[in-house]
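Look at the model below. The text that follows first takes up how its chains are related, then turns to a few places within them.

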There are 2 protein chains.
Amino acid sequence: MERREDVIVGKHVYGSLYGVPREKATDEEYLRGVVVRAAESAGATVHAVNSWTIPGEKGGVSVIVLVLESHLALHTWPEYDYATFDIYTCGEHTDPWKAFELLLSELKPRKYTVHYVDRSQEKTVLEAQPRR
Amino acid sequence: MERREDVIVGKHVYGSLYGVPREKATDEEYLRGVVVRAAESAGATVHAVNSWTIPGEKGGVSVIVLVLESHLALHTWPEYDYATFDIYTCGEHTDPWKAFELLLSELKPRKYTVHYVDRSQEKTVLEAQPRR
């Protein structure tokens, strides 16, 4: 089999939002819309949208959007004014930072932390194994 | 409002699997079962299971399991013998490494990379902001 020249390029922006207004953190319909628009702003193609409201002190809203290029996830803990996000998109055409900017501008946290990780196939690992 | 003593504890194990047998990487039903069992082995409570098969050269199977403690995601690229996984669980009672071990023993990659990130609320950030 001919060696593939290309690799799967993956980009993952994740982090935490502190001081998210409670009326936003509890509004499942609103949050669905925010994550869908975040995916679109990253240049990803939305394939499926799922959301849930989980009761309890450590409950909250979860939104997971499957995009053709991987997924976005948002979990909120309204009792803690807290949320975490994952924006994981594959392909050169996507920019997860655009999605992050949309989350910030919509959810208006007082503080946030954000991290980036390259989720691309690692060529050194690929080269260590013969392809079938 | 009284200051909360506890914080949301989050643990995220993620990485890549290289050389996943193609018959496994294309079997949506099998992969659903694997990710559900991975979640359970981590001590997480499965709330919803979704999976999709996306056609095309860069297509594959995606499984996303919402657990009460956050989520697990698996994406496969059978044409590349490749998969990526995210095991993100909250709470002291969960151990995402147990889920990782199950993924390895089931999917039998020839190589893998794995990373861990602490997704807990950061006290230094919390202390920088007065609670409402």
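Chain B is superposed on chain A by a rotation of 180° with 0.0 Å of shift along its axis, and the RMSD is 0.0 Å. The fit is made by least squares on the C-alpha atoms of residues with pLDDT of at least 70 in both copies. The two copies are thus related as by a two-fold rotation axis. Both use the same surface, since 100% of the contact residues of chain B recur in chain A; contact means heavy atoms within 4.5 Å.

This is a predicted model, in which local features need pLDDT of at least 70 and side-chain atom pairs count only at pLDDT 80 or more, while totals for chains, interfaces and linings use all residues. Residues are numbered from 1 along each chain as its sequence is written, chains are lettered from A and ligands numbered from 1 in the order in which they are written, and side-chain values use heavy atoms, with hydrogens and water left out.

Now take Cys90(B), which belongs to strand β5 (residues 82-90) of chain B. Strands (E, at least two residues) and helices (H or I, at least four) are DSSP runs numbered from the N terminus. Cys90(B) has a relative accessible area of 7% and is therefore buried, a word that means under 20% relative accessible area with a 1.4 Å probe, protein chains only. Beyond its neighbours within four places in sequence, Cys90(B) has contacts that include Trp77(A), Ile8(B) and Glu69(B).

In chain A, Thr94(A) sits in the loop between β5 (82-90) and α3 (96-107). Thr94(A) is buried because its relative accessible area is 2%.

Methods
Buried < 20%, exposed > 50% of the residue type's maximum accessible area, 1.4 Å probe, protein only.
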